[in-house]
Amino acid sequence: MNRVALKSVIGGLANGRNFNRYISTAVAVRPLESSEFLRRRSDGVLGAFQWRTRMMMSTGSTGETTPLAEKEQKKESSNDNGSVVVSSYWGIQRPKIKREDGTEWPWNCFKPWETYEADLSIDLSKHHVPKTFLDKAAFRTVKSLRVLSDLYFQKRHGCHAMMLETVAAVPGMVGGMMLHLKSLRKFEHSGGWIKALLEEAENERMHLMTVVELVKPAWHERLLVLAVQGVFFNAFFVLYALSPKVAHRVVGYLEEEAVHSYTEYLKDIENGNIENVKAPAIAIDYWRLPKDATLHDVIAVIRADEAHHRDVNHFASDIQFQGKELREAPAPLGYH
């Protein structure tokens, strides 16, 4: 009886019809595994065709598994330290990077070739004297924001730095995005300014990642960050769309205030009002600091970065105040 049912199935498949109607409901038919079916009907046209197709897809002429089959068979594996590594069909894998001492590089957010040594010799006293109406408006706006932040944070330098970096990382991203879209619209190069501004945004974000290793924000400070970021991002976006030169001048003055804030932070560390704790591991690797670096060393390099951002944004504003476009002057790439 089973042979009769099997012939009914084969007939249905050969004629392209639903084979369920050929199976009698009066008998219990055991479902055939594909391997058993192919073994029984290997001398038939249908079985031979399906078998050859599977062989062509899964193996080469030598019987070895093809790369496609290997990728389909890969699922999960474990590395030496026991953590799970998910094999990707698309071939995306984290490269194995070593430090100079041979230890494994621990950070995914930046690579060794993106680290640098901060230029601590930069002039910290530079100041752009506001002369035009727009310069004075930008300067007074920043000063009013400084008064509000000082009233709220007072001597809590760590929390102040955290809030400062959540704001300081916005202008570079907005400026880079706007220049990127302009480059696409006008089919022209940016002179390297897109990359320079995005580098600035990333550098400011790394400042924040370092600060949060030292200071844990309270819930009300997190809410304040959300509010300030939402307001500042949209306000700066509109300002940059209307007048990039004023937007860069505002950022230049913001960076001047950042230099002042970190200078006050360093003074309190030197006076013993703030404990000079060990530097976070992320800061040691990012700025190539010595292994015994302290909080004082970290704040010093962050202050140097802010001074460089001050110079870059005042420079960008000066270019546009002279009636030129940013792409006409080479961007200071890698200028932290």
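Helices here are DSSP runs of H or I with at least four residues, strands are DSSP runs of E with at least two, and both are numbered from the N terminus. The model is predicted, so to speak of a local feature takes pLDDT of at least 70 and a side-chain atom pair counts only at pLDDT 80 or more, while totals for chains, interfaces and linings use all residues. Residues are numbered from 1 along each chain as its sequence is written, and side-chain values use heavy atoms, with hydrogens and water left out.

**Exercise 1. Get the layout of the chain.**

Task: Work out how many helices and strands the protein chain has, and in what order they run.

Solution:
- Start with the count: eleven helices and two strands.
- Next, walk from the N terminus: the order is α-α-α-α-β-β-α-α-α-α-α-α-α.
- Now look at contacts, meaning heavy atoms within 4.5 Å. Taking pairs at least 6 apart in sequence, 67% join residues at least 24 apart.
- Then check burial, where buried means under 20% relative accessible area, exposed means over 50%, and partly exposed is in between (1.4 Å probe, protein chains only). Of the 336 residues in the protein chain, 38% are buried.

**Exercise 2. Check two helices.**

Task: Compare the end-to-end span of α6 and of α11 with what is expected, then see how covered each helix is.

Solution:
- The expected span is 1.5 Å times one less than the number of residues.
- For α6, with 30 residues, that gives 44 Å, and the end C-alpha atoms are 44 Å apart, so the two agree.
- Helix α11 (residues 295-321) has 27 residues and reaches 39 Å from its first C-alpha to its last, close to the 39 Å expected.
- On to cover: 22 of the 30 residues of α6 are buried, so the rest of the structure largely encloses this helix.
- α11 is mostly covered too, with 22 of its 27 residues buried.

**Exercise 3. Explore the largest pocket.**

Task: Find the volume of the largest pocket, and say which elements and residue classes line it.

Solution:
- First, the terms. On a 1 Å grid over the protein atoms alone, a cavity is a set of points where a 1.4 Å probe fits but cannot get out; a pocket is an open set with protein on both sides within 12 Å along at least five of seven lines; lining residues have an atom within 4 Å of a point.
- Grid points are joined across faces, edges and corners, and a volume is the space filled by probe spheres set on the points.
- The largest pocket comes to about 780 Å³. Its lining has 32 residues, and the closest to its centre are Leu-145, Val-167, Val-228, Phe-232 and Leu-254.
- Two or more lining residues come from each of α5 (133-153), α6 (157-186), α8 (219-242) and α9 (244-270). The largest share, eleven residues, is from α5.
- For classes, Ala, Val, Leu, Ile, Met, Phe, Trp, Tyr, Cys and Pro count as nonpolar, Asp, Glu, Lys and Arg as charged, and the others, Gly among them, as polar. The lining then splits into 25 nonpolar, four polar and three charged residues.

**Exercise 4. Look into a cavity.**

Task: Say what lines the second largest cavity.

Solution:
- The whole structure has three cavities of 30 Å³ or more.
- The second largest holds about 40 Å³.
- Its lining is His-157, His-160, Ala-161, Ser-261, Tyr-262 and Tyr-265, and the elements giving two or more of these residues are α6 and α9.
- Sorted by class, that is three nonpolar, three polar and no charged.

**Exercise 5. Place two residues.**

Task: Decide whether Ile-122 and Met-173 are buried, exposed or partly exposed, and list what they touch.

Solution:
- Ile-122 sits in the loop between β2 (84-86) and α5. Its relative accessibility is 11%, so Ile-122 counts as buried.
- Not counting residues up to four places away in sequence, Ile-122 touches Ala-304, Ala-307, His-308, Arg-310 and Asp-311.
- The C-alpha atoms of Ile-122 and Asp-305 are 9.3 Å apart, though 183 residues separate them along the chain.
- Met-173 lies in helix α6, and at 44% relative accessible area Met-173 is partly exposed.
- Leaving aside neighbours within four places in sequence, Met-173 contacts Leu-197, Leu-198 and Ala-201.
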